[in-house]
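Reader: I am new to this structure and would love a close look at a single part. Please start with a charge over a ring, and then follow the thread to the bonds and rings that belong with it.

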Amino acid sequence: QASSKHRTDCTLVAGMARSVLALLVAAHVLPRSVTGVPDASAACDAEDQSFIQRQVKAEHAVVREHRDEPDAPPTEQCDMEKDKHGCRVSHMRRGQIYDVFPGGGTACLDSSQPYYFQVVKGNPRKLLFFFEDGGFCATRVQYLSNQFCTRKPRRDTPYSGLLNQSDHRNPYRDYSIVRVSYCSGDAHGGNSTQPWGLNGEVVQLRGSVNAEAVLQWAKSQFPYLTNLVLGGYSAGSTGVQGWANRIIDQLGRRCAHISVLADSGVGHLFPVEGLDMVIRGIYHIWGTCTSPALTEEDQMRCKAGDLMPDTYFIETMRRYPKAAFAMINSKSDASQIMFSSASTGQPVTPGDFYKQMTLKLKKYVNEPNFRSFLINGKFHIFTRLENVFEATATGPEGGGNGQVLVDWLQDLTTCSSKWPENICEGPSVKVTEDGEAVSIPIYCDPALVGTGSQ
């Protein structure tokens with residue numbers, strides 16, 4: 001008989017598989033003759049590999065968030081456990097990308113690949129500290145599918161977007177760069193092991209251990225920062241929201257200008273009913289409540305089920321009122337919608353997604369140091385791509401008379417007497433909890449336009 005922990009995980013697996021199959025049928029990827037998956041209890045009791053393999057086969061039809069990257073130019077490598085200087089940034093060549101292997105307790109889901117983060121030397125007083133993307137895995141099926149989370153670090157170089165030091169359009173081209181690689185499937189927040197291998201092998205979810213190792217190295221290398229920009233895209237957006245409090249505490253105490261940019265990852269939105277329970281379950285699987293990103297007090301709150309990611313992010317904004325916090329999202333972000341569908345029992349429509357995202361953003365804009373930039377369309381991730389230099393509220397390729405995203409970010413993150421306004425383009429529609437979702441998400445809630453109006 002399955003243990004209660006195994007049964008909980010199996011039930012999540014079956015629900016996840018149902019939602020993915022429903023999504024694929026609705027998108028006309030699979031025929032309507034596909035009726036679903038076996039009963040969750042039966043699947044858990046049977047523990048049969050054919051059940052898992054059927055779901056893996058179905059999930060392979062989902063468009064991957066990360067396709068294979070082209071051959072990357074060579075990087076230089078430094079092992080902190082072997083280098084007598086601990087991989088000092090002062091010994092690195094400016095503009096060269098370095099893979100830094102911290103060792104210790106760091107790990108990837110793919111145990112054959114040691115964890116490393118990446119560093120590009122620039123101005124030692126200015127730092128971009130970015131969390132990488134790569135999906136998430138909260139169940140064995142998601143892990144086995146090899147579709148939902150990145151298992152090993154990616155060398156997607158040369159850098160582009162805000163990480164490209166050679167692009168004259170980039171206002172951060174003189175900044176040093178620390179890029180927190182992602183291979184743990186836990187949104188940079190986990191500290192646990194799970195028996196998710198094909199034959200029950202244990203895999204490590206050590207996102208928080210990895211990120212803490214990167215942070216401590218950065219703390220030793222950049223003691224006199226004046227400008228600190230924390231960022232993250234997709235799963236890394238979730239990561240920077242959870243880590244901002246600790247990183248600012250460790251790196252930003254002397255900084256004159258601190259900014260937090262969360263790109264294309266607003267966080268968990270579904271299921272609307274029972275969302276808190278789902279988040280607690282994911283925290284339990286990932287071991288989030290032991291993350292070094294949290295203070296001891298917050299770890300206790302997390303274990304008691306009283307720490308939700310949106311309220312914690314708001315607490316961080318209030319703790320650092322002089323820091324600027326911002327979110328960048330497409331109204332119909334296809335990747336966020338796909339992952340939202342994986343968290344509920346039925347497909348999430350663009351209208352439902354945009355409604356719930358709007359409601360969450362309306363909570364954030366109540367804080368005077370938060371801003372939102374909403375973009376029409378389905379595009380996913382801006383800050384690490386060329387679109388950051390072109391996108392306006394009209395779309396990822398620009399258009400209209402609105403402010404370009406990169407200019408908005410520059411106003412937000414540099415010494416400006418006035419932060420930019422919230423950006424959104426479309427007809428005005430006030431969104432409420434009990435209101436119907438508008439099927440075509442091109443509208444703007446008044447609270448998310450200009451100075452806002454609740």
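Author: Happy to help, and a definition comes first: a charge sits over a ring if NZ of Lys or CZ of Arg is within 6 Å of the ring centre and within 35 degrees of the ring normal. This is a predicted model, in which local features need pLDDT of at least 70 and side-chain atom pairs count only at pLDDT 80 or more, while totals for chains, interfaces and linings use all residues. Residues are numbered from 1 along each chain as its sequence is written, and side-chain values use heavy atoms, with hydrogens and water left out.

Now for the charge itself: Arg151 lies over the face of Tyr143, at 4.0 Å from the ring centre.

The ring of Tyr143 also has an aromatic partner. Rings of Phe, Tyr and Trp (its six-membered ring) pair if their centres lie within 6.5 Å; planes under 30 degrees apart count as stacked, over 60 as edge-to-face and the rest as tilted. The structure holds 16 such aromatic pairs. One of them joins Tyr143 to Trp196 in a tilted arrangement, with 6.2 Å centre to centre and 40° between the planes. Tyr143 belongs to helix 4, and Trp196 to the loop between strand 6 (192–194) and strand 7 (203–205), so this pair ties together parts that are 53 residues apart in sequence. Helices (H or I, at least four residues) and strands (E, at least two) are DSSP runs, numbered from the N terminus. Tyr143 and Trp196 are both buried, where buried means under 20% relative accessible area, exposed over 50%, and partly exposed in between (1.4 Å probe, protein chains only).

The loops on either side of helix 4 are linked too. A disulfide is a covalent bond between the sulfur atoms of two cysteines; here the cut-off is a pair of cysteine sulfur atoms within 2.5 Å. Cys137 and Cys149 make such a bond, with 2.0 Å between their sulfur atoms, and at -90° about the S-S bond their link is left-handed. Cys137 sits in the loop between strand 4 (123–131) and helix 4 (140–145), and Cys149 in the loop between helix 4 and strand 5 (175–180), so the bond ties together parts that are 12 residues apart in sequence. With a relative accessible area of 0%, Cys137 is buried, and Cys149 counts as buried at 6%.

That bond has company, as a search of the whole structure finds 5 disulfides. Numbered in sequence order along the protein chain, the bonded cysteines pair as 1-2, 3-6, 4-5, 7-8 and 9-10. Among the disulfides is the one between Cys78 and Cys87, whose sulfur atoms are 2.0 Å apart; it is left-handed, with -95° about the S-S bond. Cys78 is buried at 12% relative accessibility, and Cys87 is buried at 2%. Another joins Cys424 and Cys444, with the sulfur atoms 2.1 Å apart. Cys424 and Cys444 each lie in the segment after helix 12 (405–413), so their bond ties together parts that are 20 residues apart in sequence.

Back with the rings, Phe136, Phe148, Trp286 and Phe339 form one aromatic cluster. As for where to look next, Arg151 over Tyr143 is a friendly landmark to return to.
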